[in-house]
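Subject: Structure for you to look at

Dear colleague,

I am passing on the structure we spoke of, and I would be glad if you could open it alongside this message. My notes on it come directly below.

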Amino acid sequence: MGHQEQEQEVIPLMTPYKMGQLELSHRVVLAPMTRCRAIGDVPQPHAAVYYSQRASRGGVLITEGTGVSATAQGFPGSPGIWTQEQVAAWKPIVDAVHRKGALFFCQIAHVGRASTNDFQPDGQAPVSSTDAQLPPDAESGTVFSRPRRLRADEVPGIVDDFRRAARNAIEAGFDGVEIHGAHGFLLEQFMKDGANDRADEYGGSVENRCRFVVEVVDALVREIGASRVGIRLSPFADYLNCADSNPLALGHYMVEQLNRHEGFLYCHMVEPRMAIVDDRRQIPHGLLPFKAAFNGTFIAAGGYDREKGNKVVAEGYADLVAYGRLFLANPDLPKRFEVDEILNKYDRSTFYTQDPVVGYTDYPFLRDDSEDLAAQV
């Protein structure tokens, strides 16, 4: 009897939550993760299998970073959402997720200088806040190309690319979009003083450095409504040589800017423990100050397991918790958390391959969910 009672116990991660006007049945979110399975910037039918496997009634999924333009790309096999062909390819993927009763957000992104001439139209230079080149990436072996510093009069064009991508995402059926303002991509290259060496209205003070991302937020809110827009931020991180000398001030300024929009849906932040930080930086309260200051739904990400996820939801530190590698390896992660079942181990070597099955749709479900596998799209 004790075991049965334990099985039926409702854990904090599995409690319902209202995000804006959206009704969620649990707090476990699929984090955005680069998966490299698109072909020619177009998502493929196997993505419908992958995402719908991870969809559950009242759950929230966020796509991999999806390019807003031809200049936004920098990783092999990344999808885009700037053409009608891409919109048409996303529709059945979104439908497959919605048939499972889940909510689906498209993370729209521009990699900026985290690219090479080979990814760019006509072999041009990638664009950035700066013309400082990134060192080669040790993990992937990528040798990044020297970027071109964007002129101030070019920024509105990229803001418009984000606006158009958001409109396209809604046309494809997504419930909303997440602005990629994290992990060393273009918007963060402007936001952080470790990468932004500009002397114009987009450089210098925190207000100036955040001007670009604030313009993107404002444009998207006007285009599709605040209730369909979220953002991912990583103020403490140092990915792709994007560090900031005062991450607390940066994070607080951005939260203030989001709060200007009544009903702005969510703020998704990456934990300091996931950052590469030096010994000088003491971060005793993590993301708590930002959660306290933000008016909407707050999502925390970064190295969470079942126990830590339950703890932060119970303590009010986060409303929702995003899981990356664990959700990749466990398509039925919310169910496994609910019944406290052992988790599949992830295989790091297949994270970024182009195989449409291996390391993508072949992770096993719990036995009692085997019928889900048979019913996949």
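What follows covers one helix, the nonpolar cores and the cavities.

Please keep in mind throughout that this is a predicted model.

I begin with helix α8, which comprises the 13 residues 247–259. At 1.5 Å a residue this helix should span 18 Å, and because its end C-alpha atoms are indeed 18 Å apart, the expected and computed lengths agree. Its buried residues are Pro-247, Leu-250, Gly-251, Tyr-253, Met-254, Val-255, Gln-257 and Leu-258. As a general point, an α-helix has 3.6 residues a turn, so residues three or four places apart point the same way. The elements that cover the buried residues of α8 include the helices α5 (186–191), α6 (206–209), α7 (211–224) and α9 (288–293), together with the strands β10 (229–233) and β11 (266–270).

Turning to the cores, the largest nonpolar core has 89 residues, and the members that touch the most others in it are Tyr-51, Ile-108, Phe-212 and Tyr-323. Helix α7 gives the most to this core, contributing nine residues. A second core, separate from that one, has 15 residues, among them Tyr-17, Met-19, Ile-62 and Tyr-266. If residues up to four places away in sequence are set aside, Tyr-51 touches Leu-30, Leu-61, Ile-62, Thr-63, Glu-64, Trp-90, Ile-93, Val-97 and Phe-104.

As for enclosed space, a search of the whole structure finds three cavities of 30 Å³ or more. The largest holds about 100 Å³, and 17 residues line it, with Gly-65, Phe-75, Ser-78, Val-111 and Phe-185 lying nearest its centre. By class, that lining is made up of seven nonpolar, eight polar and two charged residues.

The second largest cavity, with a volume of about 50 Å³, brings us back to α8, since this helix supplies three residues, the largest share of its lining. Both α5 and α8 supply at least two lining residues each. The full lining consists of Gly-181, Glu-188, Met-191, Lys-192, Leu-233, Ser-234, Pro-235, Leu-250, Gly-251 and Met-254, which divide by class into five nonpolar, three polar and two charged residues. Of these, Leu-250, Gly-251 and Met-254 also appear among the buried residues of α8.

With best regards

Notes:
Residues numbered from 1 in each chain as written. Predicted model: local features only at pLDDT ≥ 70, side-chain atom pairs only at ≥ 80, totals over all residues. Heavy atoms only, no water. Helix = DSSP H or I, 4+ residues; strand = E, 2+ residues; numbered from the N terminus. Expected span 1.5 Å × (residues − 1). Buried < 20%, exposed > 50% of the residue type's maximum accessible area, 1.4 Å probe, protein only. Contact = heavy atoms within 4.5 Å. Core = buried A, V, L, I, M, F, W, Y, C linked by side-chain atoms within 4.5 Å. 1 Å grid on protein atoms, 1.4 Å probe; cavity = no way out; pocket = protein on both sides within 12 Å on 5 of 7 lines; lining within 4 Å. Points joined across faces, edges and corners; volume = space filled by probe spheres on them. Nonpolar A, V, L, I, M, F, W, Y, C, P; charged D, E, K, R; others polar.
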